Structure formats: structure tokens, C-alpha cells
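Work through the exercises below with the structure open. Each task is followed by its solution.

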Amino acid sequence: SRVKLGLTADPTDGPRFYRGFHVGLLPDGTLEIPGAGAMTYNSQDIITLRLESGSCSVYRGDEWLHAWPLHTTDEEQLFAKVLLCEPMATLSIVELVGVDNTEDNEEAILEEGMEPSA
């Protein structure tokens, strides 16, 4: 795969995502989903990994494609990873869900004695 998107319980997990879930996007429009095989996508499609109902699901737009079951330890903390596997690979992040960078959140972090990240 030229680009891999994934969620993993291990922030040092490599391109095989041994402790998580991932999809691979090839420049020819192939969407590789381990456990489900190969499908297609185009450059306008929004590919999403969603945590829902005890699973990690893959969507192409609003279309559900596949789901992997979550294990109890997986649900505690997952790290998002994007691997650009070739020098010319590109990716556009459309939206980050579950990330709160508002001023209110920074104030809450400061109240707990932590510095906000830059």
C-alpha cells in the first residue's frame, strides 16, 4: 500500500498494525482491507475508521464496508496512525473526530496542571 490509515493500541506499531486495524490505499484506486479483501475507491471518497458497537468499522462515504471486533484492551486507548509508504504519497485529512482543540479544553488541561501541546 502507498498509504495506510489505522488505529492501534500500540503507538510504536509498524505498518502491519499487529495491535490494531488498518486499511491501505493504492494509487490505482484499490482499497485494501485486511479480512475483507480488495475494493475500490476514488480520490474524492472519504475513507473512515469508526469505533462503534464493540468494533472498528471501515466506511467509504456512508457505505459500511467491513468491521473488526474490538477486544477489551483495545477499547481503552487507540492511537491513530497514517503511514505514507512512498515519497510522493499524499493524503488530505478532512475531519478529526474525538479531538478537542478548543480554548475550553486547553483551560481544562491547564487546570489539571498540564501544559497544552503546541
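**Exercise 1: Ser 57**

In this predicted model, a polar contact of 3.0 Å joins the side chains of Ser 57 and Glu 52. Find where Ser 57 is placed, and decide whether Ser 57 is buried or exposed.

Solution. Step one: Ser 57 is located in strand 6, residues 55-60. Step two: the relative accessible area of Ser 57 is 1%. Buried means under 20%, so Ser 57 is buried. Step three: leaving aside neighbours within four places in sequence, Ser 57 touches Thr 48, Leu 49, Arg 50, Glu 52, Trp 64, His 66 and Ala 67.

**Exercise 2: the sheet**

State the order of the strands in the open sheet of three strands, and name the strands that stand at the edges.

Solution. Step one: the order is 5-6-7, and the pairing is antiparallel. Step two: strand 5 (47-52) and strand 7 each have a single partner strand, so they stand at the edges, with one side of each left without a neighbour in the sheet. Step three: from one strand to the next, the twist averages 25°. Step four: six bridges connect strand 6 and strand 7. Tyr 59 is opposite Trp 64 in strand 7, and Arg 50 lies over the face of Tyr 59, at 3.8 Å from the ring centre.

**Exercise 3: the aromatic pair**

The structure holds one aromatic pair. Why is the pair of Phe 21 and Trp 68 classed as it is?

Solution. Step one: the ring centres of Phe 21 and Trp 68 are 5.5 Å apart, with the planes at 25°. Step two: planes under 30 degrees apart count as stacked, so this pair is stacked. Step three: Phe 21 belongs to strand 2 (residues 20-25) and Trp 68 to strand 7 (residues 63-69), 47 residues apart, so the pair links distant parts of the chain. Both Phe 21 and Trp 68 are buried.

Methods
Residues numbered from 1 in each chain as written. Predicted model: local features only at pLDDT ≥ 70, side-chain atom pairs only at ≥ 80, totals over all residues. Heavy atoms only, no water. Phe/Tyr/Trp six-rings, centres within 6.5 Å; stacked < 30°, edge-to-face > 60°. Helix = DSSP H or I, 4+ residues; strand = E, 2+ residues; numbered from the N terminus. Buried < 20%, exposed > 50% of the residue type's maximum accessible area, 1.4 Å probe, protein only. Lys NZ or Arg CZ within 6 Å of the ring centre and 35° of its normal. Polar contact = N/O pair within 3.5 Å; in protein donor to acceptor, adjacent residues only side chain to side chain. Contact = heavy atoms within 4.5 Å. Pairing = 2+ DSSP bridges. Axes fitted to C-alpha atoms, helices over the stretch in contact; angles between N-to-C directions.
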